[in-house]
Amino acid sequence: MPQPPAQQRLHAMLDLLRQQIAQQPDGACRQPRFDSQLFRTSGTRLADYLRELEGNITQLTAADTDVARRQWLAEKVLDQIAALQRECQSQQLRVKRERPSVDARQTKREEYQGYEKRLLAMIQERELHLARAETLSVQQQLIREVDQLQERLARCRAAIYKLELPAMPR
């Protein structure tokens with residue numbers, strides 16, 4: 001069953017907002033970004049607010065709500081979308097102390113996961129070359145390279161694992 005045009009526009013706006021939020025540094029802020037009348041979420045990350053908005057849109061598009069509730073919810077959803085769009089556009093204007101704090105552990109984890117992805121691609125590439133290698137010396141060289149990359153991958157995964165452990169009190 002096709003969606004009504006209003007729902008299609010609403011979902012298009014939501015998709016655009018998701019893309020805008022994905023491009024933002026989404027760390028936690030010291031204070032809530034929005035008034036408690038607009039968002040009830042306890043988190044301070046843009047993704048937290050986006051999740052609440054998505055829940056409200058789901059409720060809005062459900063057929064079992066009464067007309068007055070749907071109208072109120074539609075206005076709230078539009079206000080939330082406008083507020084999130086403004087927040088995305090004004091991130092650069094925030095003074096340094098008000099900008100979202102970046103979790104150093106998360107940043108490191110993402111960096112290490114990037115290394116892991118590249119190492120896996122390099123291993124796969126070397127293994128493909130090994131399968132096509134014709135001389136023994138080339139095969140031996142590729143086997144050494146694959147072994148070295150496997151060792152690097154193991155160290156990388158160990159570092160990721162250490163980051164995922166809860167921080168130990170000193």
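This is a short walk through the helices, their packing and the salt bridges of one protein model.

Okay, so before anything else: what you see above is a predicted model. Keep that in mind as I go.

Let's start with the overall layout. The protein has five helices and zero strands, so if you read along the sequence you get α-α-α-α-α. There are 170 residues in the protein, and buried residues make up 30% of them. As for how the chain comes back on itself, take the contacts with a separation of 6 or more: 61% of those are between residues 24 or more positions apart.

Now the packing. As a reminder, two packed helices get described by the angle between their axes and the distance between the axes. I have two pairs for you.

First pair, helix 1 and helix 3. Helix 3 covers residues 67-89, and it packs on helix 1 at an angle of about 25°, with the axes 10 Å apart. An angle under 35 degrees counts as roughly parallel, and therefore that is what we call helix 1 and helix 3. The crossing of helix 1 past helix 3 is left-handed. And who actually meets whom? From helix 1 we have Leu10, Met13, Leu17, Gln20 and Ile21, and across from them, in helix 3, sit Val77, Ile81, Leu84, Gln85 and Cys88. Sorting the residues of that contact by type gives eight nonpolar, two polar and no charged.

Second pair, helix 4 and helix 5. Here the angle is about 160° and the axes are 9 Å apart. That makes helix 4 roughly antiparallel to helix 5, since the cut-off for that label is over 145 degrees. Helix 4 also passes helix 5 in a left-handed crossing. So how do the residues of this contact divide? We get 16 nonpolar, four polar and eleven charged. Hold that next to the helix 1 and helix 3 contact, where the count of charged residues was no charged at all.

Which brings me to salt bridges. Searching the whole structure turns up six of them, and I'll go through a few.

Staying with helices 4 and 5 for a moment, Arg157 makes a salt bridge with Glu116, and the closest N and O atoms are 2.7 Å apart. Arg157 is in helix 5, residues 136-164, and Glu116 is in helix 4, residues 104-132, so this pair ties together parts that are 41 residues apart in sequence. On accessibility, Arg157 is partly exposed at 39%, while Glu116 has 19% relative accessibility and counts as buried. The cut-off for buried is under 20%, so Glu116 falls on the buried side of the line.

Next one: Glu54 with Arg18, closest N and O atoms 2.8 Å apart. This pair also links distant parts of the chain, with Glu54 in helix 2, residues 46-61, and Arg18 in helix 1, residues 5-22, and the two positions 36 residues apart. Glu54 counts as partly exposed at 23% relative accessibility, and Arg18 counts as partly exposed at 33%. There's a little network here too: salt bridges with shared partners join Asp15, Arg18 and Glu54.

Then a local one. Asp48 bridges to Arg51, with the closest N and O atoms 2.6 Å apart. Both residues lie in helix 2, three residues apart, which is about one turn of the helix. Asp48 counts as buried, at 12% relative accessibility.

Two last spots worth a look. Go to Phe34, in the loop between helix 1 and helix 2. Is Phe34 buried or exposed? Buried, at 15% relative accessibility. And what does Phe34 touch, leaving aside residues up to four places away in sequence? That would be Phe39, Tyr49, Ala83, Leu84 and Glu87. Leu84, you'll remember, is one of the helix 3 residues that meet helix 1. Tyr49 is 15 residues away from Phe34 in sequence, and their C-alpha atoms are 9.1 Å apart in space.

And the other spot is Asp79, in helix 3. Asp79 has 46% relative accessibility and counts as partly exposed. Leu38 is 41 residues away from Asp79 along the chain, with a C-alpha separation of 7.5 Å.

That's my tour; over to you for questions.

Key. Residues are numbered from 1 along each chain as its sequence is written. This is a predicted model: local features need pLDDT of at least 70, side-chain atom pairs count only at pLDDT 80 or more; totals for chains, interfaces and linings use all residues. Side-chain values use heavy atoms; hydrogens and water are left out. A salt bridge is a side-chain nitrogen of Lys or Arg within 4 Å of a carboxyl oxygen of Asp or Glu. Helices (H or I, at least four residues) and strands (E, at least two) are DSSP runs, numbered from the N terminus. Buried means under 20% relative accessible area, exposed over 50%, partly exposed in between (1.4 Å probe, protein chains only). Axes are lines fitted to C-alpha atoms, for helices over the stretch in contact, and angles run from 0 to 180 degrees between N-to-C directions. Angles under 35 degrees count as roughly parallel, over 145 as roughly antiparallel, 65 to 115 as roughly perpendicular and the rest as oblique. A crossing is left-handed if the near helix is turned anticlockwise from the far one by less than a right angle, and right-handed if clockwise. Ala, Val, Leu, Ile, Met, Phe, Trp, Tyr, Cys and Pro count as nonpolar, Asp, Glu, Lys and Arg as charged, and the others, Gly among them, as polar. Contact means heavy atoms within 4.5 Å.
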